[in-house]
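Please examine the sequence and the structure shown below. The questions after them concern the reasons behind the terms used.

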Amino acid sequence: MTEQHTPHVDGHDHDGHDHEHPGVQPDGRPPYYAQRIRAIESLLIEKGVLSKGDIQRQIDYIESRSPALGGRIVARAWVDPAYKARLLADAKAAAAELGIDASGVSEIVVVENTDTVHNMIVCTLCSCYPRPILGRPPDWYKSFNYRQRAVVEPRAVMAEFGLELGDNVEVRVHDSTADMRYLVLPQRPAGTDGWSEEQLAAIVNRDSMIGVNNPRLDRVAAPAGS
Amino acid sequence: MSQETRFRPGDRVWVKDEERPGHIRTPHYIRGKTGQIEAVHGVFRNPESLAYGGDGTPKRPLYLVGFPQSEVWGRRYRGPRHDRIYVDIFEHWLEPATETRG
């Protein structure tokens with residue numbers, strides 16, 4: 001990283017990329033990593049570790065996950081304090097109450113933002129992420145850039161996403177190094193009194209559940225009548 | 001808890017500063033630093049065994065350990081002194097913090 005050019009972590013600056021995207025090769029063969037994953041897949045099936053059905057079911061499951069599920073959970077927690085307490089105590093059970101299956105192998109921990117505490121999530125060792133609730137992580141979350149900077153300069157990273165926090169707020173960075181996956185419960189924005197749960201869910205963006213930003217009212221149209 | 005844990009919330013701990021080969025889930029930047037046990041997550045299969053075809057037993061206690069950012073990065077950290085970093089660390093990477101270590 002140089003003085004002249006600081007790559008941003010939001011994925012819009014391709015100079016910040018740390019790997020190539022070769023795509024389809026001139027000889028028509030798939031790229032190296034695609035070939036490698038196919039080879040591993042074939043071996044696992046051949047040895048009876050997995051079936052093709054298992055793989056397809058997992059693909060279908062992951063493709064059915066998206067930040068919209070997290071939005072529903074957060075919105076319910078905003079309107080129902082008892083639900084919020086259950087969510088903070090046992091996130092998988094609270095997700096199941098809304099029909100969201102988060103019963104994967106990893107534990108899920110929800111951390112709550114308050115007036116004085118702001119949480120932000122990273123996985124410096126790889127790309128651990130609460131996939132059962134948010135789906136696949138964005139590319140920037142997996143980049144070396146984010147993983148290095150989130151721990152040492154979280155406030156600068158948040159500022160690039162447009163979030164400037166005062167010194168009165170304690171920033172807590174969670175490095176998800178082991179079996180726990182973290183999800184941030186952002187604060188309900190001011191100016192949303194009287195909004196329905198559905199309207200609230202719509203403003204809970206992915207970045208606010210990673211903690212690099214807050215829900216933003218300026219990015220959605222206010223509901224009619226508010 | 002199916003197994004006795006060595007540390008309790010509030011205990012001050014030191015992360016072992018060791019260099020070992022293998023699938024280690026203790027990041028380098030936190031080794032040798034002193035923090036505080038915030039919570040006991042439970043016992044989990046040991047990733048250092050799981051990654052190489054082992055069954056991960058015996059399960060190891062896993063802790064949420066909090067560190068002041070100033071302890072981890074010193075003057076490199078530009079932010080208020082109350083900012084913290086939380087890392088999940090297995091028990092066999094932790095020792096009780098002593099006066100000499102911090």
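The following questions and answers concern chain B and its side towards chain A.

This is a predicted model, in which local features need pLDDT of at least 70 and side-chain atom pairs count only at pLDDT 80 or more, while totals for chains, interfaces and linings use all residues. Residues are numbered from 1 along each chain as its sequence is written, and chains are lettered from A and ligands numbered from 1 in the order in which they are written.

Q: What makes a stretch of chain B a helix or a strand, and how many of each are there?
A: Helices (H or I, at least four residues) and strands (E, at least two) are DSSP runs, numbered from the N terminus. By this rule chain B has 2 helices and 5 strands, in the order β-β-α-β-α-β-β from the N terminus on.

Q: How do you know whether the radius of gyration of chain B agrees with that of a compact globule?
A: The radius is taken over C-alpha atoms, and the globule rule is 2.2 Å times the number of residues to the power 0.38. For 102 residues the rule gives a value near 13 Å; chain B has 14 Å, and therefore agrees with it.

Q: Why are some residues of strand β1 of chain B called buried, and which are they?
A: A residue is called buried because 20 or more other C-beta atoms, placed from the backbone, lie within 10 Å of its own (exposed: 12 or fewer; partly exposed: in between). In β1 (residues 12-15), B:Val13 and B:Val15 point to one face and are buried, whereas B:Arg12 and B:Trp14 point to the other and are not. Over the whole of chain B, buried residues make up 30% of the 102 residues.

Q: What makes two strands a pair, and which strands pair with β1(B)?
A: Two strands pair if DSSP finds at least two bridges between them. β1(B) and β2(B) have 3 bridges and are antiparallel, with B:Arg12 opposite B:Gln36. Another 3 bridges join β1(B) to β5 (residues 94-96) of chain B, also antiparallel, and here B:Trp14 stands opposite B:Glu95.

Q: How do you know which residues of chain B are in contact with chain A, and how many are there?
A: Two residues are in contact if their C-beta atoms, placed from the backbone, lie within 7 Å. On this basis 22 residues of chain B are in contact with 19 residues of chain A. The largest share of this side of chain B, 6 residues, comes from β4(B). β4(B) is also joined by 4 bridges to strand β3 (residues 170-175) of chain A, and the two run parallel; A:Val173 stands opposite B:Ile85.
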